[in-house]
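The following exercises concern strand pairing and charged side-chain contacts. Please work through each task before reading its solution.

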Amino acid sequence: MDSERYNIQVSVESHFIEKESDPDQSRYVFAYTVTIVNQGSVPAKLLARHWIISDADGRTQEVRGDGVIGENPHLQPGEGFRYTSGTILDTPLGVMQGSYQMLADDGERFDAAISPFRLVDPRVLH
């Protein structure tokens, strides 16, 4: 596959949501904001997502689904899309990673990798 033509960059920022979390009930709520930018030369549409979410106790869940937040963004070269979603863990620390399944306008299907990022309740780091 030609990385000049098919190049989707994904960056993520995560935030702990203290007011929705309840450590006494092992409930830790995190929001994450994803920025997707088409740095290739071919327009591409996001078809599906695949997340791997791991907590500090080694429990892993996989999430697969169509699009993101009910949308299938179609990105022209240089165009970006940003959205916020969330997840709930049983532990104050975790990691998420995954990929987006993309379809380029020329018919090529490819995956855009989502590098691992941490989910952290900042109160556990002190």
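The exercises below refer to this predicted model.

**Exercise 1. Sheet topology**

Task: Determine the strand order of the open sheet of three strands, and identify its edge strands.

Solution.
- Step 1. Establish the order: the strands of this open sheet are arranged S1-S2-S6, and their pairing is antiparallel.
- Step 2. Look for strands that pair on one side only; these are S1, covering 8-16, and S6, covering 80-89, and they form the edges.
- Step 3. Consider the geometry: from one strand to the next, the twist averages 20°.

**Exercise 2. The pairing of S1 with S2**

Task: State how many bridges join S1 to S2, and find the partner of Ile8 in S2.

Solution.
- Step 1. Locate S2, which spans residues 28-38.
- Step 2. Count the bridges between S1 and S2: there are nine, and the two strands run antiparallel.
- Step 3. Trace the bridge from Ile8, which leads to Asn38 in S2.

**Exercise 3. A salt bridge between distant parts of the chain**

Task: Describe the salt bridge between Glu18 and Arg123 and classify the accessibility of each residue.

Solution.
- Step 1. Place the contact in context: the whole structure holds seven salt bridges.
- Step 2. Check the distance: the closest N and O atoms of Glu18 and Arg123 are 3.2 Å apart, and the cut-off for a salt bridge is within 4 Å.
- Step 3. Locate the partners. Glu18 lies in the loop between S1 and S2, whereas Arg123 belongs to the segment after strand S8 (109-120); the two are 105 residues apart and link distant parts of the chain.
- Step 4. Classify Glu18: its relative accessible area is 48%, so this residue is partly exposed.
- Step 5. Classify Arg123: with 39% relative accessibility, Arg123 is likewise partly exposed.

**Exercise 4. A salt-bridge network**

Task: Identify the salt bridges that Arg59 forms with Asp55 and with Asp57, and decide whether each of these three residues is buried, partly exposed or exposed.

Solution.
- Step 1. Begin with Asp55, whose side chain meets that of Arg59 in a salt bridge at 3.0 Å, N to O.
- Step 2. Turn to Asp57, which also forms a salt bridge with Arg59; here the closest N and O atoms are 3.3 Å apart.
- Step 3. Assign the accessibility classes. Asp55, at 11% relative accessible area, is buried because the class requires a value under 20%. Arg59 is partly exposed at 40%. Asp57 counts as exposed at 52%, the threshold being over 50%.
- Step 4. Combine the contacts: through salt bridges that share partners, Asp55, Asp57, Arg59 and Asp90 belong to one network.

How values were computed: Residues numbered from 1 in each chain as written. Predicted model: local features only at pLDDT ≥ 70, side-chain atom pairs only at ≥ 80, totals over all residues. Heavy atoms only, no water. Pairing = 2+ DSSP bridges. Helix = DSSP H or I, 4+ residues; strand = E, 2+ residues; numbered from the N terminus. Axes fitted to C-alpha atoms, helices over the stretch in contact; angles between N-to-C directions. Buried < 20%, exposed > 50% of the residue type's maximum accessible area, 1.4 Å probe, protein only.
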